[in-house]
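Open the model in your viewer and keep the sequence panel at hand. The stops below say what to select and what is there.

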Amino acid sequence: TFVIIGYSGTGKSVTLRHLVGLMQPDTGSIRVENEEITTMSGRELADMRRKFGVLFQSGALIAWLTVFQNVELPLLEHTRHSKKKRAEIIEEKLRLVNLWADKDKFPAEISGGMKKRAGLARAIALDAQVVLYDEPSSGLDPVIANEVDKLINSLRDKLGVTSIVVTHDMESAYFIADRIGMFYKGKMIQIGTPEEIRNSSIPEVRHFITGGKE
């Protein structure tokens, strides 16, 4: 799990969009498994994107579809599975995020934390190798945010997925990260373990991780 931290406007979420080819860099290179994605055709990009799942900040569920139907969307779009096979996959993913009992509810009928979990089930529906999280604890109370953090760690352990997480929440970052990188003015000024970041001597890093107290 690689966590990206930094002040607003430094390029964290933009980086996630570049990783899946939703934005093109002005210069530079982006490689996924040693394949250069900036020169890929539309078809090649589509194939590459299947390796990724994305959990958007809001959950980004479609309001008129149930939780079950939201998770089914990528399966309908990208596979030729039978209805029975899709149902088996959806049940597996919803059970992983503890939402199977709520499968027939609409987004308006579930809490913010449940929306995040439903969005996560959809993100892993195609067995993504890498899951991108954009502010997964944003807008959640501390207890629910901690449950989302535990879920990120659980999916890492159970499914072996690589996670790239953008967050402002240092408590969350320390809990889930194997490595943390900090963006500052468009550059990553330090990459290290949670302990190395916690003990950083770089002024900009210390100012951020202490909430401006140092």
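Begin with helix H6 and colour its buried residues: they are Ala 145, Val 148, Asp 149, Leu 151, Ile 152, Asn 153, Ser 154 and Leu 155. The model is a predicted one. Now select the whole of H6, residues 142–159. This helix has 18 residues and spans 25 Å between its first and last C-alpha, close to the 26 Å expected at 1.5 Å a residue.

What do the buried residues of H6 pack against? Show helix H4 (83–96), helix H5 (112–123) and helix H7 (170–176), which are among their partners. Strand S5 (130–134) and strand S6 (162–166) also pack against the buried residues of H6. Before leaving, step to Gly 160, which follows H6 and has a positive phi, near 70 degrees.

Next, select H5, one of the partners just shown. H5 has 12 residues and reaches 16 Å from first C-alpha to last, close to the 16 Å expected at 1.5 Å a residue. How much of H5 is covered? Most of the helix is: 9 of its 12 residues are buried. Colour Gly 113, Met 114, Lys 116, Ala 118, Gly 119, Leu 120, Ala 121, Arg 122 and Ala 123 to see these buried positions. They pack against strand S4 (52–55), H3, H4, S5 and H6.

Keep H5 on screen and add helix H3, residues 67–78. Two packed helices are described by the angle between their axes and the distance between the axes. For H3 and H5 the angle is about 30 degrees and the axes lie 8 Å apart. H3 is therefore roughly parallel to H5, as angles under 35 degrees count as roughly parallel. Their crossing is right-handed. To see where the two helices meet, show Val 67, Asn 70, Val 71 and Pro 74 on H3 together with Ala 118, Ala 121 and Arg 122 on H5.

Zoom in on Asn 70, which is part of H3. Is Asn 70 buried or exposed? Its relative accessible area is 0%, so Asn 70 is buried. Draw a distance from its side chain to the side chain of Arg 122: the two make a polar contact at 3.4 Å. Beyond its neighbours within four places in sequence, Asn 70 is also in contact with Leu 61, Ile 62, Leu 65 and Pro 107.

Move to Gly 21, in the loop between helix H1 (12–19) and strand S2 (31–32). Gly 21 counts as buried because its relative accessibility is 11%, and the cut-off for buried is under 20%. Select Leu 45 as well: 24 residues separate the pair in sequence, while their C-alpha atoms are 7.0 Å apart in space. Leaving aside neighbours within four places in sequence, Gly 21 is in contact with Leu 45, Ile 37 and Arg 49.

The last stop is Gly 192 in strand S8, residues 187–192. With a relative accessible area of 5%, Gly 192 is buried. Which residues is Gly 192 in contact with, leaving aside its neighbours within four places in sequence? Select Asp 178, Arg 179, Ile 180 and Ile 197 to show them. Then add Thr 210, which is 18 residues from Gly 192 in sequence and 17 Å from it in space, C-alpha to C-alpha.

Notes
Residues numbered from 1 in each chain as written. Predicted model: local features only at pLDDT ≥ 70, side-chain atom pairs only at ≥ 80, totals over all residues. Heavy atoms only, no water. Helix = DSSP H or I, 4+ residues; strand = E, 2+ residues; numbered from the N terminus. Expected span 1.5 Å × (residues − 1). Buried < 20%, exposed > 50% of the residue type's maximum accessible area, 1.4 Å probe, protein only. Contact = heavy atoms within 4.5 Å. Polar contact = N/O pair within 3.5 Å; in protein donor to acceptor, adjacent residues only side chain to side chain. Axes fitted to C-alpha atoms, helices over the stretch in contact; angles between N-to-C directions. Parallel < 35°, antiparallel > 145°, perpendicular 65-115°, else oblique. Left-handed = near helix turned anticlockwise from the far one by under 90°.
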